[in-house]
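Here are some friendly notes to read beside the model. They run from the interior out to the charged pairs and the surface.

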Amino acid sequence: MLTTRFTEQFGIDHPVVQGGMMFVGRAELAAAVSNAGGLGIITALTQPTPDDLAAEIARCRALTDRPFGVNITLTLSINPPPFAEYRRVIIESGISVVETAGSDPTVHIEHFKEHGIKVIHKCTSVAHALKAQRIGADAVSIDGFECAGHPGEDDIPGLVLIPATADALSIPFVASGGFADGRGLAAALALGADGINMGTRFMCTEESPVHDNIKQLIVGGTEKDTRLIMRQLRNSMRVARNTVSDEVIDILGQGGRFRDIKDLVAGVRGRRVFAEGDPELGVWTVGLSQGLIHDIPSAGELVRRIATDAESVIRGLDGRVVVADAAVARGAS
């Protein structure tokens, strides 16, 4: 097994996290990841009400006796969800790990820490990661420009963002954005991360609730088949390339405002894509890592395969690199 500060702190076998994904992070997927030794995560706001979240947590607990977490994304909206109620359910359900994302999580981290809950905060910049560390997060998930969903506005890819984060933080962190296999895990560890967080890759597993049509599109897609929308609004979002995302880009490119696209980017339309399998029903998130996804395994098989392949890479870089003694090398020349 690959043991890191993250695996030790969160009580898991492999440094692989299934990130919280709207409409995807449900009990079956989270339990399968956790049963395989990773960290599965239920997405709180996928559940319509706090009571529904309590039921989903109970379902997951019936499927695994391993650690799993709950994601709560702190969105800014006209009609915000009842975050305090979702937080109460998480605490009362005995969850030991929470992944926060979005707006300032300070008040939530304070409440969770009071109840002994470990918090992973998802960030897109070193500055935000440092703030998360300062306000008490136990770990950080750092999202590079390659990620699905919201990559932030700095456009820093993982190859730079991961080592920069490693230089700045003292708490453990996992790298997110562009990861899909053991090579990626080995690279993340080499760059200073303590593990990886994957979303798109876990969408293409047997336990994922995403419609098979969408899974097959991801398997057949390439790293070129995503679009960044809402850049002009400084709320950039990486989604699949389709007629809807193209329309959003065209409208904003012609000076449109959010009111002109709000119906196109509505979350309910993305939910229908995943449920019904029609990729043109709305915008739906997918990362650049789809160019590395070629099959639809069980989530458990995927976790174990990534860990095994990463070990192989770390042990010998698949035989592609030889480190010679300097003195011997000079003598040979």
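1. Let's begin with the interior of this predicted model. The largest nonpolar core holds 74 residues, and Leu-53, Val-140, Phe-202 and Phe-274 are those with the most contacts inside it. Both domain 1 (5-208 + 295-315) and domain 2 (213-276) give residues to this core, so it lies between them. Another core, of 11 residues, lies apart from it, and its members include Met-230, Val-239, Leu-252 and Leu-264.

2. Val-140 is a good residue to click on. Which residues does Val-140 touch, once those up to four places away in sequence are left out? The contacts are Ile-120, His-121, Cys-123, Ala-129, Ala-132, Leu-169, Ile-171, Pro-172, Phe-173 and Val-174.

3. Now the domains themselves. The protein chain is divided into domain 1, made of 5-208 together with 295-315, and domain 2, covering 213-276. Their C-alpha centres are 23 Å apart. To the contact between them, domain 1 brings 23 residues and domain 2 brings 15 residues.

4. Helix H2 is worth a look for its surroundings. This helix spans residues 27-35 and is mostly covered, with 7 of its 9 residues buried. The buried ones are Ala-27, Leu-29, Ala-30, Ala-31, Ala-32, Val-33 and Ser-34. What do they pack against? Three strands are on the list, E1 (16-18), E2 (40-43) and E3 (68-74), along with helix H3 (50-63), helix H9 (200-203) and helix H14 (299-316). After H2 comes Gly-37, whose phi is positive, near 105°.

5. Two residues deserve a backbone check. Met-230 is not a glycine, yet its phi is positive, at about 65°. You will find Met-230 in the loop between strand E9 (226-229) and strand E10 (237-240). Its relative accessibility is 5%, so Met-230 counts as buried, and this residue is also among the members of the 11-residue core. Asp-155 is the other case: again not a glycine, again with a positive phi, here about 60°. Asp-155 sits in the loop between strand E6 (139-143) and H7.

6. Asp-155 also has a charged partner. Buried, exposed or partly exposed: how does Asp-155 count? With 31% relative accessibility, Asp-155 is partly exposed. Asp-155 forms a salt bridge with Arg-231, and the closest N and O atoms are 2.6 Å apart. The pair links distant parts of the chain, since Asp-155 is in the loop between E6 and H7 while Arg-231 is in the loop between E9 and E10, 76 residues away. Arg-231 is partly exposed too, because its relative accessibility is 30%.

7. On salt bridges overall, the count comes to 18. One of them joins Arg-5 and Asp-194, with 2.9 Å between the closest N and O atoms. Arg-5 belongs to helix H1 (residues 5-10) and Asp-194 to the loop between helix H8 (182-190) and strand E8 (196-198), so this pair ties together parts that are 189 residues apart in sequence. How do the two partners count for accessibility? Arg-5 is partly exposed because its relative accessibility is 37%, whereas Asp-194 is buried because its relative accessible area is 7%, and buried means under 20%.

8. Helix H14 offers a pair within one helix. The side chains of Glu-301 and Arg-305 meet in a salt bridge at 3.8 Å, N to O. Why are these two separated by about one helical turn? Because Glu-301 and Arg-305 are 4 residues apart in helix H14. Glu-301 is partly exposed, with a relative accessible area of 38%, and Arg-305 is partly exposed as well, at 28% relative accessibility. The pair also belongs to a network of salt bridges that links Arg-201, Asp-295, Glu-301 and Arg-305. H14 is already familiar from point 4, where it was listed among the elements that the buried residues of H2 pack against.

9. Last, the surface. Which residues form the nonpolar patch there? They are Ile-156, Leu-159 and Val-160, with about 280 Å² of accessible area together. Val-160 has its place in helix H7 (residues 158-168). At 51% relative accessibility, Val-160 counts as exposed because the bound for that class is over 50%.

Key
Residues are numbered from 1 along each chain as its sequence is written. This is a predicted model: local features need pLDDT of at least 70, side-chain atom pairs count only at pLDDT 80 or more; totals for chains, interfaces and linings use all residues. Side-chain values use heavy atoms; hydrogens and water are left out. Patches are made of residues with over 30% relative accessible area and no salt bridge: like charges are joined within 9 Å, nonpolar side chains (Val, Leu, Ile, Met, Phe, Trp, Tyr) within 5 Å. Accessible areas come from the Shrake-Rupley method with a 1.4 Å probe; for residues, only the protein chains shown count as cover. A salt bridge is a side-chain nitrogen of Lys or Arg within 4 Å of a carboxyl oxygen of Asp or Glu. Buried means under 20% relative accessible area, exposed over 50%, partly exposed in between (1.4 Å probe, protein chains only). Contact means heavy atoms within 4.5 Å. A nonpolar core is a set of buried Ala, Val, Leu, Ile, Met, Phe, Trp, Tyr and Cys residues joined through side-chain atoms within 4.5 Å. Domain bounds come from an automatic or database domain assignment.
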